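Let us walk through this structure, from its cysteines to a cavity and then to a helix.

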Amino acid sequence: MPHTWFDALEIQAEAQGQNPHVLRMGEARLLVVEHGARVLACELPGVDHNLFFTTDFSNQDGSQGKLTGGDRVWMSPEIAYFWPTLEDALNDPKGTAATPAEIDPAAWHNMNPGDEDRVELACGMSLTDLRSGRSGKVLVQREVIAERSGTADVAGLASLSFLITHSVEMQEGADSGFCTGAWDILQVPTGGTLICPTARPVTIPDDMRSYYEPFGDRHVVIDPACVRFRLDGRRRIKAGIKAEHTTGRMAYYRELGEGRSSLIVRIFAPMPGEPYCDVPRDDPRNFELRDGKRESPVLGGDCFQVYNDDGDAFGGGPDVTFGEMEYHDPCVVGGEGPDRRTGTSVSHVVAGPDAAVRAWGEGVLGCAIEALR
């Protein structure tokens, strides 16, 4: 019999052929699988559930699919790969969206199968931008390393830190102007608040853009030093902030009950002036590209993103829903250098007495850790 929920997930992933790998740091553990290159689970001592969102995916025929969720890498721009046409993306984004198998689960292989301290995965992808018909092949690599957290010396806090490095290399033969970049997505349980410190006060829509439904005052609150997002899994919203407006830090704060809470802090590297390619569906440049009125790629996209689902993604109703912490690396562009882009993020996951969690998080983020209710 499995000893913990983590052991049960590992056994299930193994039975599904996902080739799981466990990275340990003291009593804390990460579950990494080769299928989809996901970090499916994070276990901290003293917390009796997964601090990431994970679920069983149901196939269209009603059969049970593989475990999914956790932290994954997709390729941006979303508008280029996930809808049949731009009209579908605008008029029926939920009904017509489909994840290309070339992107997820892709065909990842473990480059260091005997390494107990890290998981290094790689795959090749052949991608075509639906807006322009331009295509290219990229080699994508993903490395996950667990390490001792600096929070280990903070009394009363359980912790784990891990690094994720993505590398995207354009292969020979890519069409001129074809562009794509690494897009990291960490799915989290609902019931918390995502906090994004900003380099200066942001405004809508100039500094923060909407990708789906209007934000609403209950789900998005802009303060002078940060933006807070309520992730309740009840309203489909997604926000994007450009590299020049984010400090490269975000945190997801969630109360666990009995005076305890958890915090996931993610530190990434915004690079103002570098090419980012993920833009909203209604950006007019998408249509200019499709109609042959634009030769250059659509850039000026967002670096930081956050997503709140509405409960429809997995067909399990309002109880199977999630939020997402997202960031993008700069993209590679066919016919332009560099041909290879690499980016690393550091994530710190902590849990313990609420006052200690918030005090530590505020020191890292430089803004208050407060819940939206």
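A disulfide here is a pair of cysteine sulfur atoms within 2.5 Å. Chemically, it is a covalent bond between the sulfur atoms of two cysteines. The model is a predicted one. Searching the whole structure turns up 0 disulfides. Cys179 is in no disulfide, and the nearest cysteine sulfur, that of Cys277, lies 4.5 Å away. Cys179 counts as buried because its relative accessibility is 2%.

Now take Cys367. Why is there no bond to Cys226? The Cys226 sulfur is the closest cysteine sulfur to that of Cys367, but at 4.1 Å it is too far for a bond. Cys367 is buried as well, with a relative accessible area of 8%.

Back to Cys179, which also helps to line the largest cavity. The structure holds 1 cavity of 30 Å³ or more. The space in the largest cavity is about 40 Å³. Its lining includes Asp129, Arg131 and Arg134, along with Phe178, Leu289, Pro297 and Val298. Ser132 and Gly177 are also part of the lining. By class, the lining residues are 5 nonpolar, 2 polar and 3 charged.

Next comes helix α6, residues 354-365. The 12 residues of α6 reach 16 Å from first C-alpha to last, close to the 16 Å expected at 1.5 Å a residue. Which residues of α6 are buried? They are Asp354, Val357, Trp360, Gly361, Val364 and Leu365. These residues cover an arc of only 140° around the axis, so they sit on the same side of α6. On the other side of α6, Ala355, Ala359 and Gly363 are exposed.

Technical notes. Residues are numbered from 1 along each chain as its sequence is written. This is a predicted model: local features need pLDDT of at least 70, side-chain atom pairs count only at pLDDT 80 or more; totals for chains, interfaces and linings use all residues. Side-chain values use heavy atoms; hydrogens and water are left out. On a 1 Å grid over the protein atoms alone, a cavity is a set of points where a 1.4 Å probe fits but cannot get out, and a pocket is an open set with protein on both sides within 12 Å along at least five of seven lines; lining residues have an atom within 4 Å of a point. Grid points are joined across faces, edges and corners, and a volume is the space filled by probe spheres set on the points. Ala, Val, Leu, Ile, Met, Phe, Trp, Tyr, Cys and Pro count as nonpolar, Asp, Glu, Lys and Arg as charged, and the others, Gly among them, as polar. Buried means under 20% relative accessible area, exposed over 50%, partly exposed in between (1.4 Å probe, protein chains only). Helices (H or I, at least four residues) and strands (E, at least two) are DSSP runs, numbered from the N terminus. The expected span of a helix is 1.5 Å times one less than its number of residues. The arc is that of the directions from the helix axis to the C-beta atoms.
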